[in-house]
Amino acid sequence: MRLLVLLAVVALAVTGCSDAGPARPGVLSAGIREPATLLPADVADPAGRLVTGVLWTPLADYDAATGKLTPRAAESIESTDRVHWTVKLRPATFHDGTPVTAQSYVDTWRAVAASQWVSAPVLTKLLRAREIQASAPDTITLVLDRPSGQVPALLSAPGLVPLPASVLASRDWKGFAAAPVGNGPYRLDGGWRPGSGGTLKRVGSGQAGEIELRVGDPAAQYDAVKAGTLDLATEVPGEKHDAMHVDFGDDHHATWALPRAGYLAFPVANPRFADATVRHGFALGVDRAALEAGPLAHQADPARALLPPADAPGERSGTCRPCTFDAAAGKALLQQAAFPGGATVYFGPSTEAWTRTLVVGLHKSLDVSVTAQASPTTGQSDGPSTLDISLVTASPYELLSRLASESGYTDEVFRQNLELADAAATPEEAGELYRLAENQLLRDLPVAPLWSGHGHAVWSSRVHDVRTTPFAGPVLAGIGVS
């Protein structure tokens with residue numbers, strides 16, 4: 001008997017579905033990984049974004065492809081000169097019953113910048129406001145240091161949501177992350193249970209009356225959805241990638257672009273990589289499909305452009321030349337440039353696994369000695385570095401400026417196009433200028449695009465109205481259950 005009990009306990013631990021039971025009307029059960037944090041301005045992982053995305057309502061939603069702004073917590077975000085901006089708020093309360101005011105945002109943003117959380121660069125490097133004030137209980141006014149049309153995209157960042165006065169006064173960020181209080185359509189009932197999950201109760205606009213979030217292993221959660229003991233799995237592991245299309249058909253699974261991408265950044269100031277011909281040679285020697293099917297475990301797509309789909313303005317078609325795998329052409333370019341051979345590719349903690357596969361492939365395809373090494377803690381690298389970049393906004397300015405910085409690329413025309421795109425009066429005008437800047441980077445290639453991340457979800461037959469966005473993944477508030 002004791003053996004049977006032990007086996008049952010082990011089975012529950014392996015599946016991660018200890019809360020599984022008969023489906024309840026109006027209750028959505030969703031499987032996720034353990035979020036790294038539930039402090040919204042410090043979230044960088046899909047699970048954290050999924051949860052905070054339903055506990056909070058952002059000022060607006062911004063679509064990078066179309067430039068369309070959809071106000072949410074904000075009634076409007078407007079400017080007459082792109083220097084002075086006014087944000088009008090809709091009436092709202094936090095889950096603790098206290099009002100959400102303009103001062104809530106101003107004080108939160110000060111805390112975000114001071115604490116240097118993940119979203120801090122939106123305020124300190126991208127928005128660059130000289131003044132941010134609560135000019136009225138429902139009005140935020142901003143004065144920038146230059147004209148910028150990117151403010152709606154930046155203020156739509158999911159990390160710039162407000163925090164209640166209680167935590168801003170106590171600064172108990174760890175305690176707050178364990179029992180977050182937001183302004184969104186669902187509240188967390190009873191706090192977050194690490195390793196287990198949490199229960200969300202509807203307090204605003206949403207389909208399900210209750211959402212059960214269950215932390216566990218994605219493979220086990222996939223099987224639980226297939227068996228009917230879980231409604232939604234928000235991640236599909238690589239080994240289930242092909243089976244997903246058969247097991248759930250076209251109507252019960254989804255793939256969406258994530259705000260994440262991988263690159264190979266060249267040290268353009270180093271004489272060995274100063275010639276763009278060398279950089280193009282290395283880019284053509286990358287077998288991106290092998291990365292996608294190997295260490296990236298079908299959680300990414302081979303890059304087709306410099307900007308990933310979650311961040312790219314306008315419609316995209318075709319594949320950029322530096323994004324293609326052409327070993328013969330890559331080898332010929334290195335010979336043309338008289339590349340002396342031998343290169344070290346440097347990696348950080350999040351890129352080691354796929355960097356080692358990348359290096360083996362480059363050595364084979366280009367017939368030059370290529371090795372992998374951890375990035376030095378001090379000094380400049382003498383070879384390319386792999387980058388795994390997670391975005392915090394939908395503005396291309398964030399990514400393009402960072403890519404130039406990471407490689408030391410300082411071209412004046414590129415800088416001017418980036419500044420003009422930032423200052424552009426309309427999303428259409430900005431999109432054209434961002435395309436010019438992107439095309440210049442593809443020509444000079446200080447960084448080579450390698451892959452862009454995507455997410456997968458599968459759901460049972462009782463689930464309907466599943467919609468996904470790059471930052472939130474499946475929009476939990478909009479999902480219905482029969």
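Let me start with helix 8, residues 218-227, and helix 9, residues 241-248, which in this predicted model pack at an angle of about 10°, with their axes 12 Å apart. Since angles under 35 degrees count as roughly parallel, that angle makes helix 8 roughly parallel to helix 9. On the side of helix 8 the contact is made by Y222, V225 and K226, and on the side of helix 9 by A243, M244, D247 and F248. If we sort the residues of this contact between helix 8 and helix 9 by class, we find five nonpolar and two charged ones, and no polar ones.

Now to helix 10, which I will take with two partners in turn. The first partner is helix 12: helix 10 covers residues 276-284, helix 12 covers residues 327-336, and the two pack at an angle of about 160° with their axes 7 Å apart. Helix 10 is therefore roughly antiparallel to helix 12, and the crossing of these two helices is left-handed. Helix 10 brings T277, V278, H280, G281, F282 and L284 to the contact, while helix 12 brings A327, A329, G330, L333, L334 and Q336. By class, the contact of helix 10 with helix 12 holds seven nonpolar and five polar residues, with no charged residues.

The second partner is helix 16, residues 427-444, and here helix 10 packs at an angle of about 90°, with the axes 8 Å apart, which means that helix 10 is roughly perpendicular to helix 16. In this case A276, R279 and H280 of helix 10 meet L442, R443 and D444 of helix 16, and the residues of the contact divide into two nonpolar, one polar and three charged. You may have noticed that H280 is listed for helix 10 in its contact with helix 12, and that H280 is also listed in the contact with helix 16.

Let me turn from helices to strands. As a reminder, strands of a sheet pair through backbone hydrogen bonds, either parallel or antiparallel. Here, four strands form an open sheet in the order 4-5-7-6, and the pairing is antiparallel. Which strands are at the edges? They are strand 4, residues 74-79, and strand 6, residues 129-136, each of which pairs on one side only. Neighbouring strands of this sheet are turned against each other by 15° on average, direction ignored.

Within this sheet, strand 4 and strand 5, the latter being residues 84-89, pair in the antiparallel sense over five bridges, and I77 stands opposite V87 in strand 5. Helix 3, residues 102-115, lies across strand 5, strand 6 and strand 7, residues 139-144, and runs at about 150° to strand 6.

Another antiparallel pair is made by strand 8, residues 186-193, and strand 9, residues 197-202, which are joined by five bridges. In this pair D189 stands opposite T199 in strand 9. The hairpin of strand 8 and strand 9 has three residues between the strands, and G195 takes a positive phi near 85° there.

Finally, the chain as a whole. Its secondary structure comes to 16 helices and 21 strands, and the C-alpha atoms fill a box of roughly 70 × 65 × 40 Å, taken along the principal axes. For 482 residues, a compact globule would have a radius of gyration near 23 Å, and the protein chain, with 24 Å, agrees with that.

How values were computed
Residues are numbered from 1 along each chain as its sequence is written. This is a predicted model: local features need pLDDT of at least 70, side-chain atom pairs count only at pLDDT 80 or more; totals for chains, interfaces and linings use all residues. Side-chain values use heavy atoms; hydrogens and water are left out. Axes are lines fitted to C-alpha atoms, for helices over the stretch in contact, and angles run from 0 to 180 degrees between N-to-C directions. Angles under 35 degrees count as roughly parallel, over 145 as roughly antiparallel, 65 to 115 as roughly perpendicular and the rest as oblique. A crossing is left-handed if the near helix is turned anticlockwise from the far one by less than a right angle, and right-handed if clockwise. Contact means heavy atoms within 4.5 Å. Ala, Val, Leu, Ile, Met, Phe, Trp, Tyr, Cys and Pro count as nonpolar, Asp, Glu, Lys and Arg as charged, and the others, Gly among them, as polar. Two strands pair if DSSP finds at least two bridges between them. The radius of gyration is taken over C-alpha atoms; the globule rule is 2.2 Å times the number of residues to the power 0.38.
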